[in-house]
Amino acid sequence: KRRGRRTKSNAQRRGTDVTRGRERAQIVRESKATMATPWYKSDAFKVFMLAVVGVAVMMSIAMSLAFTLGAPKPFSPILYTSIITPSFTVESTAKPCSSQELGACPTVLEYGTSLDSLTVSATVPANLTEGLEESLGAYATPTAVTFQVCYADAFVEGRPWRAPKDAIGRDKQCGISACKSVPLEGGSATCDYSVGDNLGTAVYYFRALAENEAGEFVAGNTNKDQYFQIDTYNGRTTSIIAGVVACSVFAWGILIGGLIYEYVMVKKQE
């Protein structure tokens, strides 16, 4: 009887030890499963970084397009006041207007409409080179004309990004290029200017710069008797808005799906 009791007691002890071992193993597994994962290794952080990279790429593309489509500027150190030539005439197909107020000028341009372009021409007088031969020599004769679009003075005040400068290359008031280096034919040059889709609503005028063979400006003049207005182009069409909404929903779907997938995987590990 004593031996039987001892055998039974030893079996109970072994069973208890096995149970305790299983409990300890379970505790170890649970502790490992619940052990905090470093935040930089979590799936949520990876999904977030993927979204950040996507936004950064889109912003880079947008900024590249903005600078690429920006109006080119002639970076010339020549002072405009030193080459003003009243006999160098500038005319356009805009109707006469001397007012700088919005809505006052009859010529209104807008990108994507039937009225989105103007023709501007410049005429070089025959005696223009008489006063330039001494200083410029063989380069006194103009060979081409560069046409610029300028903001009216009323739309420059308080806007440093449109600040006027006497140096042509630094002048932001007339920093919009209409036509560059149009060859002179018979003493005149003509430019067909089409308004872009990135100009704000304002009143504008034309400026012409005559240049020699070396690309140096030797004469210039403006036409402030034919102001014209440009209205802002509304590029937010229905298709663009629908595309933006669809892309936004798709991006949020990827983000939420990633978070749900992470939650399910953690539950399975537990």
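Strand β1, which covers residues 89–92, pairs with β3 in the antiparallel sense over four bridges, and within this pairing E91 of β1 has S121 of β3 as its bridge partner. The coordinates behind this and everything that follows belong to a predicted model. β3 also pairs with β6, again in the antiparallel sense, here over seven bridges, and in that pairing L118 stands opposite Y193 of β6. The two faces of β3 are unlike in their surroundings: L118, V120 and A122 make up a covered face, whereas S117, T119, S121 and T123 make up an uncovered one. The bridge partner of E91, S121, therefore belongs to the uncovered face of β3, while L118, opposite Y193, belongs to the covered face.

**Overall architecture**

The protein chain has four helices and eight strands, and read along the sequence these follow the pattern α-α-β-β-β-α-β-β-β-β-β-α. Of the 270 residues in the protein chain, 29% are buried. Among contacts with a separation of 6 or more, 78% are accounted for by residues 24 or more positions apart. The protein chain exposes about 17800 Å², and carbon and sulfur atoms supply 58% of that area.

**The five-stranded sheet**

An open sheet of five strands has the order β2-β8-β7-β4-β5, with mixed pairing. Its edge strands are β2, residues 108–109, and β5, each of which pairs on one side only. Strands of a sheet pair through backbone hydrogen bonds, in either a parallel or an antiparallel arrangement. The antiparallel pairings that have been described for β3 and β7 are set side by side below.

| Strand pair | Sense | Bridges | One residue pair |
|---|---|---|---|
| β1 and β3 | antiparallel | four | E91 and S121 |
| β3 and β6 | antiparallel | seven | L118 and Y193 |
| β4 and β7 | antiparallel | eight | A144 and E211 |
| β7 and β8 | antiparallel | nine | F206 and N223 |

β7 pairs with β8 over nine bridges and with β4 over eight. Besides F206, whose bridge partner in β8 is N223, A208 stands opposite N221 of the same strand β8. On the other pairing, A144 stands opposite E211 of β7. β7 and β8 form a hairpin with five residues between them, and G215 in the turn has a positive phi of about 80°.

How many of the residues of β7 are buried? The strand is mostly covered, and ten of its ten residues are buried. A202, Y204, F206, A208 and A210 point one way from β7, while V203, Y205, R207, L209 and E211 point the other way, and all of these residues are buried.

**Nonpolar cores**

The largest nonpolar core has 42 residues, of which F147, Y193, Y204, F206 and F228 touch the most other members. At least two residues of this core come from each of β3 (117–123), β4 (144–151), β5 (176–183), β6 (188–194), β7 (202–211) and β8 (217–230). β7 gives the most to it, with seven residues. The surroundings of F228 can be listed in detail: leaving aside residues up to four places away in sequence, F228 touches A94, C105, T107, L109, L118, V149, A202, V203, Y204, Y205 and F206. A second, separate core consists of five residues, among them Y80, I83, I168 and F217.

**An unusual backbone angle in β5**

Most residues other than glycine have a negative phi. S181, however, has a phi near 55°, a positive value in a residue other than glycine. This serine lies in strand β5, and at 32% relative accessibility S181 counts as partly exposed.

**A nonpolar surface patch**

At the surface, W252, I256, I260, Y263 and V264 form a nonpolar patch with about 550 Å² of accessible area together. V264 is found in helix α4, which spans residues 238–269. Why can V264 be a member of a surface patch? A patch takes residues with over 30% relative accessible area, and V264 qualifies on that count because its relative accessible area is 37%, which makes V264 partly exposed.

Technical notes. Residues numbered from 1 in each chain as written. Predicted model: local features only at pLDDT ≥ 70, side-chain atom pairs only at ≥ 80, totals over all residues. Heavy atoms only, no water. Buried < 20%, exposed > 50% of the residue type's maximum accessible area, 1.4 Å probe, protein only. Contact = heavy atoms within 4.5 Å. Areas by Shrake-Rupley, 256 points an atom, 1.4 Å probe, with all protein chains shown as cover. Patch = residues over 30% accessible without salt bridge, like charges linked within 9 Å, V, L, I, M, F, W, Y side chains within 5 Å. Salt bridge = Lys/Arg side-chain N within 4 Å of Asp/Glu carboxyl O. Core = buried A, V, L, I, M, F, W, Y, C linked by side-chain atoms within 4.5 Å. Pairing = 2+ DSSP bridges.
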